[in-house]
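Got your viewer open? Let's take a walk through this one together, a selection at a time.

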Amino acid sequence: MPDTQLLTYEPAPGRVPARPRGEAPASIELPLPDMSSGAPLLKALSLRATTREFSTADLPLATLGALLWAADGVNRPATGGRTAPSANAVNEIDLYAVLPNGVYRYDSASHRLVLKHATDARNLTGYQDFVGEAPLDLVYVVNTARLLQMPVQQRDIFSSVAVGAMAQNVALYCASEGLGNVVRGWINHRLLSDSLRLNEDELPILAQTVGALGTKLSSLAD
Ligand SMILES: Cc1cc2nc3c(=O)[nH]c(=O)nc-3n(C[C@H](O)[C@H](O)[C@H](O)COP(=O)(O)O)c2cc1C
């Protein structure tokens, strides 16, 4: 049975890359979050949910900084330890922020975004109607070269677990801040690899759309 028959989501028609909106600086310094802000953990857990209706409004830089730090930021500077676990701390997952002005890689150590490609690739990160309209798509990429010391049968499992932890960190941050998010496994790996300009040993395995809650974007165009 083809994958599409297993999914109930309505596909959007095929899209082409969009013209980037605004300047794309080579790097973007991100503010660190106020560690005392946000809802308590159990409150955030009680609010966690998938959303598929987003506002098109850009996310403030402070929100972007806090969200990426929550995903996989350095929370123990003495050791370089991060908010998400990683088997043997090999940190094989690279997190990409696909923004209206460019594709950026999140550099945890310096807490900044590093420009990969000055294009608006949001609409290439998936098939659903909100993709390309919501302000941020995260893409989780396994750098398989970092897994070579790990037994073959554990590589996929461990990297999937690591991505799951990061995506849940983002989901809880969103719940805590009243933002919407949806984890998306329905992605076109080849298209994403091209649009993110990935190497042969880099594999995108999951996307996650984030934005303020909004009305259904497809109905806005009607
Ligand atoms: C690995 C994974 C892949 C998913 N892929 C998609 C997807 O491609 N598109 C989508 O709209 N939702 C996707 N979801 C979200 C699920 O459909 C959603 O979590 C589920 O319906 C339960 O709803 P809830 O998150 O609100 O509890 C995915 C969730 C996971 C964990």
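What follows is a tour of a predicted model, stop by stop.

**Stop 1: the sheet**

Start by switching to a cartoon view and colouring the strands. You should find 7 strands in an open sheet, in the order β1-β6-β5-β4-β7-β9-β8, with antiparallel pairing. Which strands stand at the edges? They are β1 (27-29) and β8, and each has a single partner strand, so one side of each is left without a neighbour in the sheet. Now rotate the view to look across the strands: the twist averages 25° from one strand to the next.

**Stop 2: the β1 end**

Select β1 together with β6, which covers residues 112-117; 3 bridges join this antiparallel pair. Show Ser27 as sticks, then look for Val114, its bridge partner in β6.

Keep Val114 on screen and add β5. Here 5 bridges join β5 to β6, again running antiparallel. Arg105 has Val114 as its bridge partner in β6, so to speak the same landmark for this second pair.

Next, follow the chain around the hairpin of β5 and β6, which has 4 residues between the strands. Stop at His111, which takes a positive phi near 50°.

**Stop 3: the β8 end**

Cross over to β9, residues 202-212. How many bridges join β7 to β9? There are 8, between β9 and β7 (residues 136-143), and the two strands run antiparallel. For a landmark, select Tyr140, which stands opposite Leu206 in β9.

On to β8, residues 179-184, which is joined to β9 by 6 bridges and is antiparallel to β9. Pick out Asn181 and you'll see Val210 of β9 opposite.

**Stop 4: the helices on the sheet**

Bring up helix α3, residues 61-72. This helix packs on the sheet and touches β4 (93-99), β5 (102-107) and β9. The direction of α3 makes about 160° with that of β4.

Then add helix α4, residues 152-177, which also packs on the sheet; α4 touches β4, β7, β8 and β9. Compare directions here too: α4 makes about 5° with β9.

**Stop 5: where the helices meet**

Hide the strands and keep α3 and α4. Their axes are 7 Å apart, and the helices pack at an angle of about 140°. The two are therefore oblique to each other, and α3 passes α4 in a right-handed crossing.

Want to see the residues involved? On the α3 side, select Thr63, Ala66, Leu67, Ala70, Ala71 and Asp72. On the α4 side, select Met166, Asn169, Val170, Tyr173 and Glu177. Coloured by class, this contact has 7 nonpolar, 2 polar and 2 charged residues.

**Stop 6: the ligand**

Finally, centre on the ligand. Which residues come nearest? Of the 10 around the ligand, they are Ala49, Thr50, Arg184, Gly185 and Trp186. Colour the shell by class and you get 5 nonpolar, 3 polar and 2 charged residues.

How values were computed: Residues numbered from 1 in each chain as written. Predicted model: local features only at pLDDT ≥ 70, side-chain atom pairs only at ≥ 80, totals over all residues. Near = placed C-beta within 6 Å. Nonpolar A, V, L, I, M, F, W, Y, C, P; charged D, E, K, R; others polar. Pairing = 2+ DSSP bridges. Axes fitted to C-alpha atoms, helices over the stretch in contact; angles between N-to-C directions. Contact = placed C-beta atoms within 7 Å. Parallel < 35°, antiparallel > 145°, perpendicular 65-115°, else oblique. Left-handed = near helix turned anticlockwise from the far one by under 90°.
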